[in-house]
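This report goes through one protein chain, starting from a single residue and its surroundings and then widening to the whole chain. Please keep the structure in view while reading.

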Amino acid sequence: MEGRELHQRWISLTIATDVLPLLVNACSTACVDALPPGAARHAPLPHSGGWEPTQPPTDEA
């Protein structure tokens, strides 16, 4: 991806029975927009990390 703008985003996806955090190296915002939604009970949209991403509420009390 030399010479292009790199769009790095985190996304949590379900793979078999596990949820894995994946770092995506996308070539454009259109590619980021085409990513699937995040796994249930995880950040619903791809994000760049930090304090901004909001996690869904937990069912635990």
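## Ser-12 and its surroundings

Not counting residues up to four places away in sequence, Ser-12 touches Val-19, Leu-20, Pro-21, Gly-38, Ala-39 and His-42. The model is a predicted one, and the contacts described here should be read with that in mind. Ser-12 is found in strand 1, and it counts as buried because its relative accessibility is 17%, where the limit for burial is under 20%. Between the C-alpha atoms of Ser-12 and Arg-41 there are 9.7 Å in space, although the two residues are 29 positions apart in sequence.

The next residue to consider is Leu-13, which, leaving aside its neighbours within four places in sequence, is in contact with Asp-18, Val-19, Leu-20, Leu-22, Pro-36, Pro-37 and Ala-39.

## The nonpolar core and the surface patch

Leu-13 also belongs to the largest nonpolar core, which has 5 residues, the others being Ile-11, Val-24, Ala-26 and Val-32. At least two residues of this core come from strand 1 (7-15), and at least two come from strand 2 (18-26). In soluble globular proteins, nonpolar side chains tend to be buried together.

Which residues form a nonpolar patch on the surface? They are Ile-15, Leu-20 and Leu-22, and together they have about 210 Å² of accessible area. Of these, Leu-20 lies in strand 2 and counts as partly exposed, because its relative accessibility of 35% falls between the limits of 20% and 50%. Leu-20 is also among the residues that Ser-12 touches, and it is likewise one of the contacts of Leu-13.

## Two residues with positive phi

Most residues other than glycine have a negative phi. Ala-16 and Arg-41 are set out below with their phi values, which are positive in each case, and with their locations and relative accessibilities.

| Residue | Phi | Location | Relative accessibility |
|---|---|---|---|
| Ala-16 | near 60° | loop between strand 1 and strand 2 | 75% |
| Arg-41 | near 70° | segment after helix 1 (29-33) | 57% |

Are these residues buried or exposed? Ala-16 counts as exposed because its relative accessibility is 75%, and Arg-41 counts as exposed because its value is 57%, the limit for exposure being over 50%.

## The chain as a whole

The secondary structure of the protein comes to 1 helix and 2 strands, and from the N terminus on the elements run β-β-α. Of the 61 residues in the protein, 18% are buried, and Ser-12, at 17% relative accessibility, counts as buried. The protein exposes about 4,900 Å², of which carbon and sulfur atoms supply 56%. Among the contacts in the protein with a separation of 6 or more, 32% are accounted for by residues 24 or more positions apart.

Conventions
Residues numbered from 1 in each chain as written. Predicted model: local features only at pLDDT ≥ 70, side-chain atom pairs only at ≥ 80, totals over all residues. Heavy atoms only, no water. Core = buried A, V, L, I, M, F, W, Y, C linked by side-chain atoms within 4.5 Å. Buried < 20%, exposed > 50% of the residue type's maximum accessible area, 1.4 Å probe, protein only. Helix = DSSP H or I, 4+ residues; strand = E, 2+ residues; numbered from the N terminus. Contact = heavy atoms within 4.5 Å. Areas by Shrake-Rupley, 256 points an atom, 1.4 Å probe, with all protein chains shown as cover. Patch = residues over 30% accessible without salt bridge, like charges linked within 9 Å, V, L, I, M, F, W, Y side chains within 5 Å. Salt bridge = Lys/Arg side-chain N within 4 Å of Asp/Glu carboxyl O.
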